[in-house]
Amino acid sequence: MVTDPIISRFEDQLKHDGGTHHWDMAAAWTPHRQLDALASADVVVCSALSPAQAAAASGAELVHVTGAGYDRISLAELAPGTMVANTFHHARPIAEHVLMVTLMLSRNVVVSDHAVRGGTWRTIATDPEAPFHPTLGGGMTMGLVGLGSIGTEVARVAGLLGMDVRAVRRNPDARVAEGVELSWVGGIHQLPELLAASDVVVVTVPLDSSTKGMIGAPEFAAMKPTAFLINVARGPVVDQRALFDALQSRRIAGAGIDVWWGSPADGVVPPAELPFGTLPNTVLTPHHSGHARITFERRAADIASNIRRLAEGRELFNVVPRV
């Protein structure tokens, strides 16, 4: 049973394993119909599963999340024997997004675009106060908060462009992926040191009880006033009020926000309690940094492979530990 409307668009890849399975492509079904059908599902493919849905899927052998994050899966309500697996393949598109936003912020692209559209032509040739652009390989330091699959790929791409790359992670002694060059790796407790040294701070940690609000007023105070923050993790990892205040007061130079503090509701876009859209020193995107076609093609292939493995009684990959 597939309830995620995005992965449903890759139905051919999902069914690629060729097994004699019955598929319920249920993304467009009513919530009541979905709830009824979950009772007979052996596999549920979804991006979210409410407590009621999880309880209804009592016979499911596998809940396959259609992305990396499983914070919207009600694990506690699932039957004890139900396995949960996830899938990735979004690291490279997100890394490219991070570098794009870094360039947009450091070159003041949003403000310049608006100025030109409004009839203003401001460059170093017309205004002696106009700043020169930095270059990524000209001494800029990128600090990564987290070094999982996303952080690792951001580090790889940034390093190829000549940036000095540093990171903090839960286990600073863990092996660094081949081809990734880091000038310094510290533990999470050394976050202030990373922030003070970085021109661009990129947040990539998963959201859990230990990371919620981990970037707040003290962390912004530790950053350079010329530094940028880019969040591609989850909105609540960054304290919303503290970020708004830091941007409005120019305590930091700017921010790229791709993840938010909720979902669009009642016409509120972007989904935040504070008017980030009024700030000129931001690049705002609708949580789409990983939305490359190849991401979903590969995710669908992963799901198909795990369904085949399940049918054949083989070990699954990317199984999420249910503690």
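Good morning, everyone. Let me start at one residue: leaving aside its neighbours within four places in sequence, aspartate 258 is in contact with His97, Asn231, Val232, Thr285, Pro286, His287, His288 and Ser289. Please keep in mind throughout that this is a predicted model.

So where does this aspartate sit? Aspartate 258 belongs to the loop that lies between β9 and β10. And which residue offers the nearest side chain of opposite charge? That is arginine 234, 8.1 Å away, and aspartate 258 has no salt bridge even though it is buried. What aspartate 258 does have is a polar contact, side chain to side chain, with serine 289 at 2.8 Å.

Let's step back to the sheet around that loop. Seven strands form an open sheet with parallel pairing, and the order reads β6-β5-β4-β7-β8-β9-β10. At the edges stand β6, residues 184-187, and β10, residues 282-284; each has a single partner strand, so one side of each is left without a neighbour in the sheet. From one strand to the next, the twist averages 15°.

Now for some of the pairings. Strand β8, residues 228-231, runs parallel to strand β9, residues 254-257, and four bridges join them. Asparagine 231, which you heard among the contacts of aspartate 258, has isoleucine 257 in β9 as its bridge partner. If you turn to the helices, α7, residues 149-160, packs on this sheet and touches β4 (141-145) and β5 (164-169), with its direction at about 170° to that of β4. Helix α10, residues 240-248, lies across β8, β9 and β10 and runs at about 140° to β9.

Strand β4 deserves a moment of its own. Why call it largely enclosed by the rest of the structure? Because five of its five residues are buried. Both faces are covered: on one side we have Thr141, Gly143 and Val145, on the other Met142 and Leu144, and all of these are buried. Strands β4 and β5 run parallel and are joined by five bridges. Within that pairing, glycine 143 stands opposite arginine 166 in β5.

On to the charges. How many salt bridges does the structure hold? The count is twelve. One of my favourites to show you is glutamate 153 with arginine 92, whose side chains meet in a salt bridge at 3.4 Å, N to O. Since glutamate 153 lies in helix α7 and arginine 92 in helix α5, residues 91-106, the pair ties together parts that are 61 residues apart in sequence. Glutamate 153 counts as buried, at 13% relative accessibility, whereas arginine 92 counts as partly exposed at 42%.

Glutamate 153 also forms a salt bridge with arginine 156, and there the closest N and O atoms are 3.1 Å apart. These two are three residues apart in helix α7, so about one helical turn separates them. Arginine 156 counts as partly exposed, with a relative accessibility of 24%.

Over in helix α10, aspartate 245 and arginine 241 lie four residues apart, about one turn of the helix. They form a salt bridge too, with the closest N and O atoms at 3.3 Å. Both partners count as partly exposed: aspartate 245 at 34% relative accessibility and arginine 241 at 44%. Back with glutamate 153, salt bridges that share partners join Arg92, Glu96, Glu153 and Arg156 into one network.

There is another sheet to look at. This one is open, has three strands in the order β1-β2-β3, and pairs in parallel. Its edge strands are β1 (43-46) and β3 (83-85), each pairing on one side only. Neighbouring strands here are turned by 15° against each other on average, direction ignored. Strand β2, residues 62-65, pairs with β3 in the parallel sense over three bridges, and leucine 62 has methionine 83 in β3 as its bridge partner. Helix α11, residues 293-311, packs on this sheet; it touches β1, β2 and β3, and its direction makes about 165° with that of β2.

One last residue before we open the floor. Glutamine 34 has its place in helix α3, residues 31-38. Is it buried or exposed? At 9% relative accessibility, glutamine 34 counts as buried. Not counting residues up to four places away in sequence, glutamine 34 touches Met1, Thr3, Ala26, Ala27, Trp29 and Gln53. From glutamine 34 to glycine 138, C-alpha to C-alpha, the distance is 54 Å, with their positions 104 residues apart in sequence.

Thanks for listening, and I'm happy to take your questions.

Conventions. Residues are numbered from 1 along each chain as its sequence is written. This is a predicted model: local features need pLDDT of at least 70, side-chain atom pairs count only at pLDDT 80 or more; totals for chains, interfaces and linings use all residues. Side-chain values use heavy atoms; hydrogens and water are left out. Two strands pair if DSSP finds at least two bridges between them. Axes are lines fitted to C-alpha atoms, for helices over the stretch in contact, and angles run from 0 to 180 degrees between N-to-C directions. Contact means heavy atoms within 4.5 Å. Buried means under 20% relative accessible area, exposed over 50%, partly exposed in between (1.4 Å probe, protein chains only). Lys and Arg count as positive and Asp and Glu as negative; His and the chain ends are not counted. A salt bridge is a side-chain nitrogen of Lys or Arg within 4 Å of a carboxyl oxygen of Asp or Glu. A polar contact is a pair of N or O atoms within 3.5 Å; within protein, one must be able to donate a hydrogen and the other to accept it, and residues adjacent in sequence count only if both atoms are side-chain atoms.
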